[in-house]
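Hi,

Here is the structure I said I would pass on. Have a look at it first, and then read on for what turned up.

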Amino acid sequence: MREMETTMARKFLMLFITIALATLIVNVRGYGKSSSVGEFSGGNYPDVMRKLKASISLPPTSMSPSPGPSPSVRPSPRVYEVTSYGADPTGKTDSTEAILRAISDAFDVAGGSSSSDGLFLMEGIVNLGGAHINLEGGTYTISRPLRLPSTGRANFRITGGTLKASDNFPVDGYLIDLSASYDNGNEYNYEYITLRDLMLDSNFRGGGMQVVNSLRTSIDNCYIAHFTSNGILVHGGHETYIRNSFLGQHITAGGDYHERNFSATGINLMGNDNAITDVVIFSAAIGIMVSGQANTISGVHCYNKATGFGGTGIYLKLPGLTQTRIVNSYLDYTGIVAEDPVQLHISSCFFLGDAYIVLKSINGVINGVNIIDNMFSGSGKGTDIVHLDQTIGPFTNVDQVVVDRNNVKGMKIKATVARRSVQGNGSSWTVDFNLALLFPNRINIVQYALSTIGSSIFPNHALRNVSNNRIVIESDVAVPASVFVMVDQGVSSQS
């Protein structure tokens, strides 16, 4: 039975092949003009194939080919190369007008979107989609500030080149000016503006960049030199981030003979909630001036002008509500000054060359200050790591101040928390903390322990006097004893 099924399957397969070959022959003969398959049988394979192709023709058709889809018009990218507008990348001729024309085209709002389109921008600010002014690695001389043509714009950037002020550049101007020429009534002028990979040479005429009333501005990898006012001025606005940048009035790497005459300010923060990260300020009278609240300074190296020449690395000029954090920074022969600091945190910083911190009394208020876990290295002259400037008046409102856990080499340690021990055989022990404590004649908390040595007598003892930063402990009988004392100046007696 199984053999019969196999035989029938084979017969069916042979029948199928025979029918297929016959159909092929018929089709070939049907399409041939004057030849039959037999005419090809005597030739070799290439000749047969050539003749076969020549003999086969497709039936004519009256259908015209369907037209393909028309090519779509590709929108041009919004990258504006300034040389296309006539800017001179050699810096030999004035490129102000050419660059301003490029910026004006980039600010064309055709196709722009505002927050009403769901792109999450502030109300009334148009999204330019990342419009890009490309300086193409050139050096361009400009004779007046590059001011944006209109306000209420966002998502725009200028990158990749050098701008240099001409000899007739206005001395009160900034090479890049993000400010409004008139009051537009908006809460912010701009949002998400990026200035990156730029070198600005102010030619000792005015400043580098001005950012006024702008939201979420990024200044990244910029080198700003030869300014006479501010390298970067931030006025008002919110969340300007300055990072990975270098600023100097004079181009130097330290030890410049012009240092006594450095007069400008590297970065001037006159706004809230900004951040300066990984920035070097190598020459200026003041490295960073802060007069706005809630700013963060991290990873900054200031060697702008030595304190001995009258310079300041970081100046906090907002008495009464400082709200500033300075961490992981390097103050190199120039220190920090804070007026009436309230909520100030300085930690993990390195102070070199007798650089120190000054707490300056304006209205006598110091509250919520932490100066902890820093390193100070000096020349052995006995310079205090923290100074009090009470020229105007003493600090009278002192609370929650912690100066502690700093390590010192070649300078004199100052703290608000101090610990000492004394030993003696008697009935009175005096511990003097004047060398260690920051504030004069101020001890708010005292903790002590008295341990008798080799005596079976356990005396009555008490804290007798706390004045002029000295502690006096007395016992009712004379005994050999060790006295351990810890004092704290930084907590108010009302706390």
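**No disulfides, and what else turned up**

To begin with the cysteines: the structure holds zero disulfides. Keep in mind throughout that this is a predicted model. Cys302 and Cys349 show how the cysteines miss each other. The cysteine sulfur closest to that of Cys302 belongs to Cys349, and at 9.9 Å it is too far away for a bond. Going the other way gives the matching result, since the sulfur closest to that of Cys349 is in Cys302, again at 9.9 Å and too far for a bond. Cys302 is buried, with 0% relative accessibility, and Cys349 is buried too, at 2%.

Now the overall picture. The chain is made up of four helices and 31 strands. Of its 495 residues, 46% count as buried. If you take the contacts with a separation of 6 or more, 64% of them are between residues 24 or more positions apart.

*The core*

The largest nonpolar core has 86 residues, and the ones touching the most other members are Ile133, Phe156, Met209 and Ile267. Which element gives this core its largest share? That is α4, with six residues. A second core lies apart from it, with 15 residues, including Ile443, Ile471, Ala481 and Val483. As a rule, nonpolar side chains in soluble globular proteins tend to be buried together.

Helix α4 covers residues 96-106, and its buried residues are Thr96, Ala98, Ile99, Leu100, Ala102, Ile103 and Ala106. In an α-helix there are 3.6 residues to a turn, so residues three or four places apart point the same way. The buried residues of α4 pack against five strands: β1 (79-81), β2 (126-134), β3 (139-142), β4 (146-147) and β5 (153-165). Ser104 also sits in α4, but Ser104 counts as partly exposed, at 36% relative accessibility. The C-alpha atoms of Ser104 and Leu148 are 7.6 Å apart, although 44 residues separate the two in sequence.

*Strand β8 and Met209*

Is β8 enclosed or open? Six of the six residues in this strand (207-212) are buried, so β8 is largely enclosed by the rest of the structure. Strand β6 (residues 174-178) runs parallel to β8 and is joined to it by four bridges. Strand β10 (residues 230-248) also pairs with β8 in the parallel sense, over four bridges. If you want places to look, Ile176 has Met209 as its bridge partner in β8, and Val211 stands opposite Val234 in β10.

Met209 is worth clicking on. Leaving out residues up to four places away in sequence, Met209 touches Tyr174, Ile176, Leu195, Leu198, Leu200, Ile219, Cys222, Ile224, Gly231, Ile232 and Leu233.

*Aromatic pairs*

A search of the whole structure gives six aromatic pairs. One of them is Phe351 with Phe376: the ring centres are 4.5 Å apart and the planes at 10°, so this pair is stacked. Phe351 belongs to strand β21 (residues 350-352) and Phe376 to strand β24 (residues 375-377), so the pair ties together parts that are 25 residues apart in sequence. Phe351 is buried at 0% relative accessibility, and Phe376 is buried at 2%.

Phe395 and Phe439 make another pair, with centres 6.4 Å apart and planes at 90°, so this one is edge-to-face. Here both partners are in loops: Phe395 between β25 (386-389) and β26 (397-404), Phe439 between β28 (417-432) and β29 (445-452), so the pair ties together parts 44 residues apart in sequence. Phe395 is buried, at 4% relative accessibility, and Phe439 is buried at 2%. Phe439 has a further neighbour in Arg442, which lies over the face of its ring, 5.9 Å from the ring centre.

Elsewhere, ring pairs link Tyr223, Phe246 and Phe282 into a cluster.

Cheers

Technical notes
Residues are numbered from 1 along each chain as its sequence is written. This is a predicted model: local features need pLDDT of at least 70, side-chain atom pairs count only at pLDDT 80 or more; totals for chains, interfaces and linings use all residues. Side-chain values use heavy atoms; hydrogens and water are left out. Buried means under 20% relative accessible area, exposed over 50%, partly exposed in between (1.4 Å probe, protein chains only). Helices (H or I, at least four residues) and strands (E, at least two) are DSSP runs, numbered from the N terminus. Contact means heavy atoms within 4.5 Å. A disulfide is a pair of cysteine sulfur atoms within 2.5 Å. Rings of Phe, Tyr and Trp (its six-membered ring) pair if their centres lie within 6.5 Å; planes under 30 degrees apart count as stacked, over 60 as edge-to-face and the rest as tilted. A charge sits over a ring if NZ of Lys or CZ of Arg is within 6 Å of the ring centre and within 35 degrees of the ring normal. A nonpolar core is a set of buried Ala, Val, Leu, Ile, Met, Phe, Trp, Tyr and Cys residues joined through side-chain atoms within 4.5 Å. Two strands pair if DSSP finds at least two bridges between them.
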